[in-house]
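Me: I should like a close look at one part of this structure, described in plain and formal terms for a first-year student. Please begin with a single residue and then turn to other parts of the model.

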Amino acid sequence: PGTGTTLLSQSGTENRAKSVGTLREEGLYSFLAATQDIAVDGWALTMLSRENVGYASTCNSVGQTAGYFLGNVLFLALESASFCNKYLRFEPQPRGIVTLSDFLFFWGAVFLVTTTLVAFLKKENEELIPAKEETKGITDTYRLLFSIIKMPAVLTFCLLILTSKIGFSAADAVTGLKLVEEGVPKEHLALLAVPMVPLQIILPLVISKYTAGPQPLNTFYKAMPYRLLLGLEFAFLVWWAPKVKHEGGFPVYYYAAVVLSYALHQITLYSMYVAIMAFNAKVSDPLIGGTYMTLLNTVSNLGGNWPSTVALWLVDPLTVKECAGAQGHTCATAGASELCTAAGGSCVTTLDGYYVESIICVVLGFAWWFFLGPKFKKLQDEGQSSWKCKRSN
């Protein structure tokens with residue numbers, strides 16, 4: 001944490017200009033992808049009956065799992081020279097089988113072809129298209145979105161979901177970085193996710209039996225305490241790592257413990273994810289379904305992203321360090337750490353902020369589950385009229 005920004009500032013004006021151009025391209029890509037995301041959300045609401053609309057979350061999670069595996073796990077393996085030389089080649093090479101540019105070009109072409117085929121081959125069902133459109137432009141759409149957010153049920157949902165994932169922030173955002181910091185190779189962590197792919201595909205299919213009904217948030221509520229406890233399990237794995245590390249790396253039983261913990265974490269994560277997606281699809285008004293459902297999903301994603309960002313930022317301030325080898329110096333600030341080093345000392349960590357953060361997050365998570373969780377479950381008892389858009393004349 002805190003080192004990523006230096007990569008953009010080391011090479012002067014030329015690299016800064018390149019980074020700005022890259023950010024513009026990423027912004028354009030995100031804009032186009034978000035537009036398709038809204039269309040797909042609306043498509044799911046019109047293709048599935050109201051009784052089966054909860055299965056939209058199953059399709060979403062299975063597709064995202066496949067995409068994550070191809071775009072993250074598979075890419076990291078094929079891009080790694082050490083992995084390819086060890087498992088896929090007879091003669092070592094200085095680089096992996098694929099590069100980032102090759103990977104992006106190939107999947108960009110696949111993305112373009114599949115999207116074009118959908119555009120030309122998929123025909124809309126005229127019977128499902130409402131005779132009267134709810135909005136006629138961007139201004140009307142945003143005006144309607146603001147009116148949706150102000151509805152009591154939606155506003156309560158937004159406030160609760162924005163705070164529901166605070167308890168998981170340390171485990172989700174910092175654990176992987178800490179494992180790498182303790183010496184676990186990132187390629188190995190990526191490969192450990194491979195056995196999870198079948199589980200991640202099967203889980204939504206199993207969980208959908210419980211979330212496709214009238215009360216999907218029950219699954220969310222029941223899975224939450226187990227996921228919180230796994231945050232402490234992850235902290236234990238980080239603490240355990242340097243104690244079992246040897247010259248050849250880490251023993252097999254340590255990796256087995258990581259895989260088992262990750263598998264249990266995935267069960268709780270997917271239970272909550274599929275449940276919230278099913279609830280969003282259930283309450284979304286079909287007349288503005290894509291926009292409505294994407295609004296709720298965006299709030300749900302934000303509820304996980306902002307605590308993770310704060311968790312990453314707080315690791316260093318919560319870490320306690322002492323200056324060893326130079327009396328009269330401390331390591332309380334960056335300046336003090338430099339003075340300690342200049343005086344011939346070194347900063348030694350006496351209390352890692354990750355462990356402090358893990359305990360605080362779990363305590364806050366259980367407080368939310370105990371006091372606000374029942375209120376969150378009650379939202380599914382609201383009538384459909386509480387979620388309907390106000391019709392324009």
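Reply: Two residues are said to be in contact when heavy atoms of theirs lie within 4.5 Å. The model examined here is a predicted one.

With that meaning of contact, and with neighbours within four places in sequence left aside, Gly-345 touches Cys-323, Ala-324, Gly-325, Ala-326 and Cys-340. Gly-345 itself belongs to the loop that runs between helix H13 (334-342) and strand E2 (346-351). One of its contacts, Ala-326, is 19 residues away in sequence, yet the two C-alpha atoms are 4.7 Å apart in space. Is Gly-345 buried or exposed? Its relative accessibility is 11%, and buried means under 20%; Gly-345 therefore counts as buried.

Helix H13, at one end of this loop, also takes part in the second largest pocket, where H13, helix H7 (169-181), helix H12 (289-318) and strand E1 (320-324) each supply at least two lining residues. The space in this pocket is about 440 Å³. Its lining is made up of 16 residues, and those closest to the centre are Asp-316, Thr-319, Lys-321, Cys-331 and Ser-337. The greatest share comes from H12, which gives 3 residues. Sorted by class, the lining holds 7 nonpolar, 4 polar and 5 charged residues.

The UniProt record, an unreviewed entry, lists several stretches under "transmembrane region", among them residues 188-212 and 354-372. In the model, residues 188-212 are 84% helix and 0% strand, with 36 Å between the end C-alpha atoms. For residues 354-372 the figures are 95% helix and 0% strand, and the end C-alpha atoms are 26 Å apart.

The aromatic rings complete this account. A pair of such rings is described by how far apart the centres are and by the angle between the planes. The model has 21 aromatic pairs. In one of them, the ring centres of Phe-370 and Phe-371 are 5.0 Å apart and the planes stand at 85°. Planes over 60 degrees apart count as edge-to-face, so the pair Phe-370 and Phe-371 is edge-to-face. Both Phe-370 and Phe-371 are exposed. Elsewhere, ring pairs join Phe-236, Trp-239, Trp-240, Phe-250, Tyr-253, Tyr-254 and Tyr-255 into a cluster.

Note on methods: Residues numbered from 1 in each chain as written. Predicted model: local features only at pLDDT ≥ 70, side-chain atom pairs only at ≥ 80, totals over all residues. Heavy atoms only, no water. Helix = DSSP H or I, 4+ residues; strand = E, 2+ residues; numbered from the N terminus. Buried < 20%, exposed > 50% of the residue type's maximum accessible area, 1.4 Å probe, protein only. UniProt positions renumbered as here; feature names shortened; annotations may be inferred. 1 Å grid on protein atoms, 1.4 Å probe; cavity = no way out; pocket = protein on both sides within 12 Å on 5 of 7 lines; lining within 4 Å. Points joined across faces, edges and corners; volume = space filled by probe spheres on them. Nonpolar A, V, L, I, M, F, W, Y, C, P; charged D, E, K, R; others polar. Phe/Tyr/Trp six-rings, centres within 6.5 Å; stacked < 30°, edge-to-face > 60°.
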